[in-house]
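Reader: I'd like to walk through a structure with you and learn how to read its features. Could you show me the general idea each time, and then the case at hand?

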Amino acid sequence: MADREERRFAEVPRESVKLVAESAGVELSDDVAALLAEDVCYRLREATQSSSQFMRHAKRRKLTVEDFNRALRWSNVEAICGYGAQDVLPFRSIKEGELFFVEDRDINLVELALATNIPKGCAETMVRVNVSYLDGKGNLEPQGTVPSAVQTLSDDLLKYYQQITRAILGEDPHLMKVALLDLQSNSKMAALLPYFVYVISGVKSVSHDLEQLNRLLHMVKSLIQNPYLYLGSYVRSLVSSVMYCILEPLAASINPLNDHWTLRDYAALLLSHIFWSHGDLVSGLYHQILLSLQKVLSDPVRPLCSHYGAVVGLHALGWKAVERVLYPHLPAYWANLQAVLDDYSVSNAQVKADGHKVYGAILVAVERLLKMKALSLSQPAEGPRGSGAWSPVPLPAMYGELYSFFGDSLAVRFSTGPGLGMAAKDPPPGPAHPDTARKMPQLTANLSLSPPLARSSSSSSSSAQRSRASSSRPGQRAAGPSRDVFPKARFTAPPAGGAAPTFAFLIGGRQMGRRCQGRRPFLTAFAPAAPAPPSLTASVPASSSSALSAAALAAAATAVAPPPAPPLPSLPPRTYAHKLPVIGRVSKPVRRWACSHYSLHLPL
Amino acid sequence: QFILKMAAVQSGQSETEEEKEIQPETSNDGSRTDGRPPAGSPGVPAPSPGAVKPSAPGEEETLRAVLRFLQKNNLSESVEILRREAGLPDEPEDQTGSESSGTGSGGQEAGGGVGDAGSLLSRVSAAPTPAAATVAAPPPPPSKVGAGDDRPDVNVVLSAYSQQGDPVLYDVYYSGLKKFIESVLDCHRAELSQVFYPLFVHMYLELVYNNHEAESKAFFEKFSGDQECYYADDLRILSSLSKKEHMRGNETLLDFRTSKFVLRISRDSYQLLKRHLQERQNNQIWTIIQEHLYIDIFDGMPRSKSQIDAMSGSLAGEAKRDSNKAKVFYGLLKEPEIEVPLDDEDEEVENEEGKPKKKKPKKDSLGNKSKKQDPNAPQQNRIPLPELKDSDKLDKIMNLKEATKRVRLGRDTLPSICFYSFLNAYQGLTAVDFTDDSSLIAGGYADSTVRVWSVTPKKLRRVKSAADLSLIDKESDDVLERIMDEKTASESKILHGHSGPVYGISFSPDRNYLLSCSEDGTVRLWSLQTFTCLVGYKGHNYPVWDTQFSPYGYYFISGGHDRVARLWATDHYQPLRMFAGHLADITCTRFHPNSNYVATGSSDRTIRLWDVLTGNCVRILTGHKGPIHAIAFSPNGKFMASGATDGRVLLWDIGHGIMIGDLKGHTDAIYTLKFSRDGEILASGSMDNTVRLWDAFKAFDELETDDFTATTGHIHLPENSQELLLGTYLTKATPVIHLHFTRRNLLLAAGAYNP
């Protein structure tokens with residue numbers, strides 16, 4: 001009987017008690033030790049009993065050290081530390097003493113603290129939903145399988161993965177298009193996400209091949225547009241790939257014939273997409289991006305193409321990013337850039353060309369900064385959501401300072417803006433959201449601009465001139481050179497590819513000017529925005545939806561033509577919804593009409 | 001002294017005459033029962049059980065002790081007889097043969113006195129146990145330990161040499177009773193078998209208390225196997241306890257000793273048992289029955305084994321029938337009248353879209369339901385309820401609108417199930433709750449945090465800071481939108497504040513607040529506008545296992561390790577009611593749909609229903625064989641379902657206070673139960689990674705409670721619980737810890753996937 005009893009519970013023999021007592025410097029008699037041993041056993045059982053309650057309420061099947069310690073704590077016994085490790089503790093014996101002990105190694109805390117290896121398995125907790133059973137019957141998936149996030153790849157998925165990657169990275173442009181479209185809409189490939197992300201991180205190994213880089217970026221775009229994918233912390237990885245394309249001095253940029261500028265522009269656009277649509281998945285992403293952009297910008301050793309990337313990146317992230325990073329850094333940077341631009345030696349020609357690129361990019365960024373800032377100041381209720389915390393430089397001062405850098409080339413943008421904008425840009429729905437509109441003109445100019453163009457050119461002769469000029473490539477060049485900066489730009493920017501970004505800048509400016517407010521504030525005072533008639537709010541969703549259709553068109557166009565014109569409207573609509581209160585109150589349409597009407601009488 | 005004792009015995013029995021009547025018979029019958037050697041003289045029946053087997057050395061000791069006692073009291077004749085019967089040799093010391101005052105063989109007082117002396121003797125000799133000793137004390141003993149002090153002299157005298165022999169008698173008594181019960185008619189056997197377990201426990205405890213360690217172990221070994229399997233958990237605790245000192249701190253056993261174990265036995269069976277014990281003068285057992293058992297005697301047919309098994313299993317036996325007699329107003333409160341125009345407008349809009357005729361009658365039926373006063377409902381203002389705010393009314397309208405689109409579930413139309421998997425929940429997910437409109441989901445974690453997710457595209461936003469709030473235009477129409485800080489929008493929010501695992505969470509009905517209770521002994525109220533902690537309700541001091549908001553908001557209930565459930569109001573920092581009565585931890589708490597009652601489930605394996613108004617316990621429901629972790633009320637308030645670690649779901653009729661169903665199927669602890677919105681389907685979620693759907697409509701519809709069942713509490717469970725099982729749905733290796741029916745009857749389940 002006693003044997004059975006002993007088998008049921010762990011027993012602490014009296015020898016152990018005596019040993020422990022000895023180690024504490026107490027001599028125990030056998031009787032006392034036996035009594036103590038028995039009591040210890042009982043107390044252990046009692047603690048185990050109550051610890052199981054904690055396990056039950058934690059809805060677990062496994063009793064943990066934590067549970068046991070809780071039980072001890074509630075019975076006023078000190079908790080036992082040091083046994084919480086996940087690993088199994090080695091239980092050893094000493095031969096001579098018939099002693100068993102748990103190995104307790106010393107841990108070097110300093111080493112532990114400085115260790116660089118990041119513990120695994122600390123992904124963000126998340127909730128995912130799936131329809132398990134429809135009407136209590138038809139199982140969508142076999143019963144009892146593990147969730148898709150941890151699913152091992154099925155053969156089908158594997159095949160899909162191979163096909164998709166092959167198609168995207170392969171030769172056939174049509175296949176690529178199909179693959180990208182599927183990637184954008186497939187709802188069942190969540191399990192493959194890590195693999196695709198891994199493929200995309202391959203940008204670093206193909207930095208010599210612009211074409212491949214481009215394709216990988218398209219893959220990013222498809223992934224972030226897929227509404228069924230939860231990117232989670234993979235956003236970080238995607239961002240780092242995209243940032244690589246924006247910022248790194250790619251091997252492909254050595255050859256001046258390679259149009260890596262477009263790639264950078266596109267990547268910057270993607271970056272802003274990711275940020276606007278998925279930025280909330282990773283906390284602090286925005287600041288990390290800003291920080292790395294700033295780092296590149298402030299590093300004079302970096303080549304100019306990296307600086308260019310930083311500037312377009314900042315621009316893509318919105319005018320506040322420009323204000324926060326680029327603007328304060330400009331004085332320091334200007335000196336370097338000026339040095340490059342002023343060096344007329346032949347050996348420097350290429351560098352100088354790059355310098356002009358950067359110059360142009362900065363100009364565009366700064367221009368929008370000023371305009372947006374003006375706009376935000378004129379609409380204190382809506383505009384400066386969150387900007388109230390910091391907007392230290394008053395607008396006039398900012399303008400003054402910038403003017404000292406850019407001179408008339410800045411001023412002319414504001415002066416010419418309205419005319420251009422009025423004429424060309426009104427109808428295209430794209431610029432519904434100015435923050436993301438940077439690259440859009442390229443597209444709209446090509447695709448959907450002609451009818452409004454015709455109309456506007458007939459409406460006003462003077463503005464027609466400009467608008468026509470700006471709506472076609474040659475015209476743009478013609479318009480640009482009138483300022484001293486642009487001749488340089490034209491001179492340096494070699495083939496057709498190089499012109500594209502510049503072109504974009506101009507239209508970007510126009511677009512701002514469309515509001516009319518762009519110019520007038522600088523000349524006089526900022527008039528508050530016209531109050532929004534309620535009927536107008538409705539037009540915003542409409543415009544965004546038409547923007548989407550434009551995007552579809554654009555996507556079709558880009559897929560055929562390799563130098564891809566990134567479509568602005570690829571922004572998911574919810575971003576607009578996000579911004580709705582602001583946009584609705586701005587009441588664009590009315591102002592637009594008012595402005596255009598007004599512009600007719602603008603003395604140019 | 002003798003008289004005192006006799007009085008005690010008699011008062012305990014409270015049937016003095018009967019006692020006297022039976023007395024003479026016993027001596028005669030006693031010899032018959034199971035072929036024991038007949039006691040020569042009716043005057044000394046007591047030693048007979050001990051004297052049966054003189055072979056055992058311990059028993060011989062006892063006999064000697066008895067002899068000495070008799071000699072000391074000059075009962076020489078008795079001494080002679082005893083010696084002759086037992087075959088003991090004369091002892092040198094014994095010759096003090098003085099006249100026995102009365103070896104009365106009849107029903108005389110004197111004879112009775114001696115008889116009693118004899119029987120008492122056996123009792124006293126059984127141990128100087130406090131339990132036995134307390135018989136001498138006035139009927140309700142103040143406490144065992146205290147009573148042990150005023151032992152009569154006899155005990156002192158006898159204890160010197162009786163100690164060795166006594167424990168063995170326990171064995172004999174118990175096996176004697178066992179033999180008796182096994183030999184009775186089948187119809188009584190099941191009922192009488194109920195006494196085994198409490199007797200066993202108390203005898204064991206007495207042995208332990210008196211430091212008969214070896215004997216207690218032997219006793220346990222010998223008889224623990226006979227006990228019903230559902231007592232295994234308690235027996236395990238019991239077996240680990242072998243010293244008197246251990247008993248002091250063990251709360252489970254303290255309860256066992258201080259509260260009476262309740263048995264329901266038919267009058268016939270009871271008489272049988274009583275007669276047996278009396279004729280055998282088995283006072284040791286009789287005392288235990290008197291002291292520690294409450295026998296609820298009913299007239300009529302004895303219950304069957306399955307009937308008994310269904311109801312037993314709790315720590316303290318079944319509930320007394322009286323305790324379930326109070327009237328419970330289980331009906332629903334009248335729904336407030338909501339401005340119909342708004343509703344109609346929507347109705348019309350929908351009608352334009354199609355199906356214009358179908359909707360009208362449906363709506364009417366809904367409207368009627370809420371207008372009619374349920375006869376079983378409590379007074380509308382029985383407990384004060386918060387007034388409806390405008391937002392609540394809007395929500396009610398939404399609810400009604402959704403209700404019209406609700407899927408009518410049934411046998412043939414089972415709900416679709418969506419599973420919310422908590423991935424990467426390394427912190428250990430311990431509790432989940434959904435809002436009623438299924439827009440938010442919250443999880444409580446073992447790392448003391450609470451996380452709230454938005455299930456809809458609408459993100460969670462904080463209210464702006466006070467400084468920013470002062471800037472906004474308070475008159476504007478969209479002020480509610482303007483006060484939200486867009487910058488803080490995110491899919492989830494983490495609430496920090498507890499200092500121990502969060503074991504229970506509950507959303508307020510208006511979705512503005514969240515309650516969480518934790519191991520740190522507090523219940524916290526969080527604002528879902530600012531995502532900060534508003535109040536910490538202290539009072540439990542021990543882990544709080546569960547908490548829930550009232551369906552009308554404002555009130556909430558919490559229960560935990562301190563065995564007390566507390567009713568709070570959000571604006572009071574002290575509880576409004578304390579519901580005490582459970583013998584072990586309160587593991588789950590639920591509000592009745594009409595908010596007038598709360599149900600608590602406990603580790604003592606009972607469910608209690610408490611009246612919020614009076615604080616009384618109005619129902620005690622027994623039948624579970626493990627701690628109860630899930631309770632759900634049917635939407636009409638009439639029925640209740642409960643699930644326990646034993647993997648069974650029990651259905652209860654609240655009005656009658658009886659069990660009406662036992663749903664077997666789960667193989668592990670059940671942590672969540674939920675009725676569909678119309679009450680046709682019951683869903684249960686378990687640690688065995690399944691969701692099971694049960695046909696609640698059938699279970700309740702076929703129910704006919706006749707008056708007999710209602711008054712006696714005898715239940716007749718349908719055998720076919722498998723017929724009620726509509727489906728078993730495996731999750732992806734994920735335990736189900738919460739279930740929720742959306743307003744349209746889509747079933748949402750939640751659990752943490754832990755590879």
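**Salt bridges, chain by chain**

Author: Let's start with a pair: B:Asp668 and A:Arg61 form a salt bridge, with their closest N and O atoms 3.3 Å apart. This one crosses between chains: B:Asp668 sits in the loop between β25 (658–664) and β26 (670–675) of chain B, and A:Arg61 in the loop between α3 (30–57) and α4 of chain A. Keep in mind that the model is predicted.

Reader: What is the general idea behind such a pair?

Author: Side chains of opposite charge can pair when their charged atoms come close. Here the cut-off is a side-chain nitrogen of Lys or Arg within 4 Å of a carboxyl oxygen of Asp or Glu. By that rule, the count over all chains is 42 salt bridges.

Reader: Is B:Asp668 buried, exposed or partly exposed?

Author: B:Asp668 counts as partly exposed, because its relative accessibility is 25% and the partly exposed class runs between 20% and 50%.

Reader: Now a pair within one chain. How far apart in helix α9 are A:Arg215 and A:Glu211?

Author: They're four residues apart in helix α9 (residues 210–225) of chain A, so about one helical turn separates them. They form a salt bridge, and the closest N and O atoms are 3.0 Å apart. Look at the two ends separately, too: A:Arg215 is buried at 7% relative accessible area, whereas A:Glu211 is partly exposed at 40%.

Reader: And what about B:Arg677 and B:Asp436: which parts of chain B does that pair tie together?

Author: B:Arg677 forms a salt bridge with B:Asp436, the closest N and O atoms being 3.0 Å apart. B:Arg677 lies in the loop between β26 and β27 (681–686), and B:Asp436 in the loop between β4 (429–434) and β5 (440–445), so the pair ties together parts of chain B that are 241 residues apart in sequence. B:Asp436 itself is partly exposed, at 30% relative accessibility.

Reader: Which residues are linked with them in a network of salt bridges?

Author: The network links B:Asp395, B:Asp436, B:Asp437, B:Arg511, B:Arg677 and B:Arg743.

**Chain B as a whole**

Reader: Zooming out, how many helices and strands does chain B have?

Author: Its secondary structure comes to 27 helices and 31 strands. Of its 755 residues, 59% count as buried. For contacts in chain B with a separation of 6 or more, 61% come from residues 24 or more positions apart. As for its surface, chain B exposes about 30700 Å², with carbon and sulfur atoms supplying 52% of that.

Reader: Where does UniProt list "repeat: WD" in chain B?

Author: The unreviewed UniProt entry lists that feature at several stretches, including residues 621–654 and 663–695. Residues 621–654 are 0% helix and 59% strand, and the end C-alpha atoms are 9 Å apart. For residues 663–695, the figures are 0% helix, 61% strand and 10 Å between the end C-alpha atoms.

**Surface and interior of chain A**

Reader: Which residues form a nonpolar patch on the surface?

Author: A:Val65, A:Ile80, A:Tyr83, A:Leu89, A:Phe91, A:Phe100 and A:Val102 do, with about 630 Å² of accessible area together. Take A:Ile80 as one member: it's in the loop between α4 (65–74) and β1 (91–94) of chain A, and it is partly exposed at 41% relative accessible area.

Reader: For contrast, is A:Ser241 buried or exposed?

Author: A:Ser241 counts as buried, at 1% relative accessibility. You'll find it in helix α10 (residues 234–247) of chain A. Leaving out residues up to four places away in sequence, A:Ser241 touches A:Ile200, A:Ser201 and A:Val203.

Conventions. Residues are numbered from 1 along each chain as its sequence is written. Chains are lettered from A and ligands numbered from 1 in the order in which they are written. This is a predicted model: local features need pLDDT of at least 70, side-chain atom pairs count only at pLDDT 80 or more; totals for chains, interfaces and linings use all residues. Side-chain values use heavy atoms; hydrogens and water are left out. UniProt positions are given in the numbering used here, feature names are shortened, and annotations may be inferred rather than shown by experiment. Helices (H or I, at least four residues) and strands (E, at least two) are DSSP runs, numbered from the N terminus. Patches are made of residues with over 30% relative accessible area and no salt bridge: like charges are joined within 9 Å, nonpolar side chains (Val, Leu, Ile, Met, Phe, Trp, Tyr) within 5 Å. Accessible areas come from the Shrake-Rupley method with a 1.4 Å probe; for residues, only the protein chains shown count as cover. Buried means under 20% relative accessible area, exposed over 50%, partly exposed in between (1.4 Å probe, protein chains only). Contact means heavy atoms within 4.5 Å.
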